[in-house]
2 protein chains.
Amino acid sequence: MKALGKHLLVEYYGCDRVLLNDFAQIELLLNRAASLTGATIVASIFHPYAPQGVTGVVVVEESHLSIHTWPEYGYAAVDVYTCGNCFPELANDFLREQLGATSGEVLSILRGSTENVPMKVYNRAAFAR
Amino acid sequence: MKALGKHLLVEYYGCDRVLLNDFAQIELLLNRAASLTGATIVASIFHPYAPQGVTGVVVVEESHLSIHTWPEYGYAAVDVYTCGNCFPELANDFLREQLGATSGEVLSILRGSTENVPMKVYNRAAFAR
């Protein structure tokens, strides 16, 4: 049995609050993160939250990445979901550093199989500087 | 402590394989699912997988919905991630029925808080017809 996709759900806390509200920079960072995984970018949609924050998705041939930021809490929620020969962990390493997160949590999930079995949550890890 | 978002990760198995490869229908269904949650649609990006399948994201003011389909396995992976006063479960109810899923699994996760605490996986449920 081989999983069809790997999905990282990452919570970043203690981030640079000005950066979390910088629409252009957040879009740039998520696109760079997507490229780092080895995925092929199809499209990128970003949108400002009201009254602050940024929401955005990068659609890749291998699934998607998303980010939703709450500058008021120094918090960003990121998803890195890839199938095929990609390395979603590299996106996390990059974003954690770039966003200046002081702590956070990564939930790694294997999704889908060729044998109709439940998805497997195979790792949950906290990090802190 | 109040979670900032609620994220459903859903695996649909035994789906209608023709439908899973119908680009226009899948886009329509995910947009309808987004509306059913009460969210406000910002943008919709859909893309055909090679050699088959569909990948797509609907960005909403309240976060996003995504779908990735594998017609060859009758499988679709769906994410419904909303913040604010939305009802992500309604998207699941709708898609489960529309895709003709014979079984599946829903993982419900509370994401982000105002108090820098780990996210909580608060429910995991299998379903079958």
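This tour moves through a predicted model with chains A and B, stopping at a helix, a surface patch, a serine in a strand and the relation between the two copies.

Local features here require pLDDT of at least 70 and side-chain atom pairs pLDDT 80 or more, while totals for chains, interfaces and linings use all residues. Residues are numbered from 1 along each chain as its sequence is written, chains are lettered from A in the order in which they are written, and side-chain values use heavy atoms, with hydrogens and water left out.

**Helix α2**

Begin by selecting residues 23-36 of chain A, which make up helix α2 (helices are DSSP runs of H or I with at least four residues, strands are runs of E with at least two, and both are numbered from the N terminus). Its 14 residues reach 20 Å from the first C-alpha to the last, close to the 20 Å expected at 1.5 Å a residue, where the expected span is 1.5 Å times one less than the number of residues.

Next, show the side chains of A:Ile26, A:Leu29, A:Leu30, A:Asn31, A:Ala33 and A:Ala34, which are buried (under 20% relative accessible area, with exposed meaning over 50% and partly exposed in between, for a 1.4 Å probe and protein chains only). An α-helix has 3.6 residues a turn, so residues three or four places apart point the same way. Around the buried residues of α2(A), select the elements that cover them, including α1 (17-20), β2 (41-48), β3 (54-60), β4 (63-70) and α3 (88-98) of chain A. Following the helix, A:Gly38 has a positive phi, near 95 degrees.

**A surface patch**

Now select A:Leu36, A:Phe87 and A:Leu90, which form a nonpolar patch on the surface with about 280 Å² of accessible area together. Of these residues, A:Phe87 sits in the loop between β5 (75-82) and α3 of chain A.

**Ser63 in both chains**

Move to A:Ser63 in strand β4 of chain A, a residue other than glycine whose phi is nevertheless positive, near 135 degrees; A:Ser63 is buried, at a relative accessible area of 0%. In chain B, select B:Ser63, likewise in strand β4 of its chain, where phi is near 130 degrees and the relative accessibility is 0%, so that B:Ser63 counts as buried.

**The two copies**

Finally, display both chains: a rotation of 180 degrees with 0.0 Å of shift along its axis superposes chain B on chain A, with an RMSD of 0.0 Å (by least squares on C-alpha atoms of residues with pLDDT of at least 70 in both copies). That is the relation of a two-fold axis. In chain B, the C-alpha nearest the axis belongs to B:Val57, 3.9 Å from it.

Methods
Contact = heavy atoms within 4.5 Å. Patch = residues over 30% accessible without salt bridge, like charges linked within 9 Å, V, L, I, M, F, W, Y side chains within 5 Å. Areas by Shrake-Rupley, 256 points an atom, 1.4 Å probe, with all protein chains shown as cover. Salt bridge = Lys/Arg side-chain N within 4 Å of Asp/Glu carboxyl O.
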